[in-house]
Amino acid sequence: MSEKVVPNKDEKNMAGLAHGSILLGLFTNGVGGIVTALVIWFTQKEKSDYVAGQSLQALVYQALAFSIVMLTWCCWGALYMAMIMLPLLANPGAYETSPPASLWLGLFLMVVPMGIGVLTTLYGLYGSLRCFGGHDFKYVLIGNWLDSQR
């Protein structure tokens with residue numbers, strides 16, 4: 001959004017909801033927020049440049065965040081399995097009474113994908129608060145890239 005737009009109350013609410021819909025992803029495996037932002041963009045793209053721009057940003061951000069979080073969970077899962085299975089395959093008798101120490105390290109490393117998920121959600125909520133306040137919010141990289149595509 002290159003020009004200064006002063007959104008009305010309904011536009012602020014719709015834009016804020018598009019960004020805030022990232023919370024729906026917590027209850028719908030990431031899809032609810034993406035679908036909500038898509039519906040808001042689709043229904044508002046002809047009515048309001050402000051809402052269209054904000055909801056498109058929310059849509060792209062949530063889809064990208066979902067992909068990144070899922071990728072980190074997959075990487076964690078593969079690493080965790082390797083950390084458990086390799087010691088078990090190398091010496092199965094050594095772990096009859098207790099699990100490999102790498103099990104605990106792997107569980108601790110779970111904070112990485114969880115942290116990325118929390119941070120991406122908080123950033124989306126920050127965008128929501130900015131829009132509810134009537135500000136022209138732009139995600140880092142995504143906002144300027146989408147502006148250049150329009």
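**Exercise 1. Work out whether Gln57 is buried or exposed in this predicted model, and which residues surround it.**

Solution. Start with the location: Gln57 sits in helix H4. Next, check the relative accessible area, which is 4% for Gln57. The cut-off for buried is under 20%, so Gln57 counts as buried. Now look for what covers this side of the helix. Leaving out residues up to four places away in sequence, Gln57 touches His19, Phe137, Lys138, Tyr139, Ile142, Gly143 and Leu146. Keep Tyr139 and Ile142 in mind, as they come back in the next exercise.

**Exercise 2. Find the largest nonpolar core, and say which helix gives the most to it.**

Solution. The core in question has 17 residues. Pick out the members with the most contacts inside it: Tyr50, Tyr61, Cys131, Tyr139 and Ile142. Then ask which helices feed it. At least two residues each come from H1 (9-20), H3 (31-44), H4 (49-90) and H7 (142-149). H4 is the top contributor, with six residues. As background, nonpolar side chains tend to be buried together in soluble globular proteins.

Now zoom in on Cys131. Setting aside residues up to four places away in sequence, the contacts of Cys131 are Lys12, Ala15, Gly16, His19, Tyr50, Gln54 and Phe137. His19 and Phe137 should look familiar, since Gln57 touches them too.

**Exercise 3. Describe the overall fold: how many helices and strands are there, and what are the spans along the principal axes?**

Solution. Count the elements: the chain has seven helices and zero strands. Reading along the sequence therefore gives the pattern α-α-α-α-α-α-α. For the dimensions, the C-alpha trace spans about 70 × 25 × 20 Å along its principal axes. Compare that with the radius of gyration: the chain has 21 Å, while a compact globule of 150 residues would come in near 15 Å.

Contacts add another angle. Taking those with a separation of 6 or more, 70% are between residues 24 or more positions apart. For a sense of distance, try Gly93 and Gly32: they are 61 residues apart along the chain, and their C-alpha atoms are separated by 46 Å. Gly93 lies in the loop between H4 and H5 (101-108) and is partly exposed, at 43% relative accessible area.

**Exercise 4. Which residues other than glycine have a positive phi here, among them Asn29, and where do they lie?**

Solution. First, the background: most residues other than glycine have a negative phi. Asn29 goes the other way, with phi near 55 degrees. Asn29 is found in the loop between H2 (24-27) and H3. With 67% relative accessibility, Asn29 is exposed.

Do likewise for Leu141. Phi is near 70 degrees for Leu141, again a positive value in a residue other than glycine. The loop between H6 (111-132) and H7 holds Leu141. The cut-off for exposed is over 50%, so Leu141, at 69%, counts as exposed.

**Exercise 5. What share of the residues is buried, and what does the surface look like in terms of atoms and charge?**

Solution. Begin with burial: 37% of the 150 residues count as buried. Then take the accessible surface, about 9,000 Å², with 71% of it belonging to carbon and sulfur atoms. Finish with charge. There are 8 positive and 8 negative side chains, and the centres of the two sets lie 7 Å apart.

Technical notes:
Residues numbered from 1 in each chain as written. Predicted model: local features only at pLDDT ≥ 70, side-chain atom pairs only at ≥ 80, totals over all residues. Heavy atoms only, no water. Core = buried A, V, L, I, M, F, W, Y, C linked by side-chain atoms within 4.5 Å. Buried < 20%, exposed > 50% of the residue type's maximum accessible area, 1.4 Å probe, protein only. Helix = DSSP H or I, 4+ residues; strand = E, 2+ residues; numbered from the N terminus. Contact = heavy atoms within 4.5 Å. Rg over C-alpha atoms; globule rule 2.2 N^0.38 Å. Areas by Shrake-Rupley, 256 points an atom, 1.4 Å probe, with all protein chains shown as cover. Lys, Arg positive; Asp, Glu negative; His and termini not counted. Charge placed at Lys NZ, Arg CZ, Asp CG, Glu CD.
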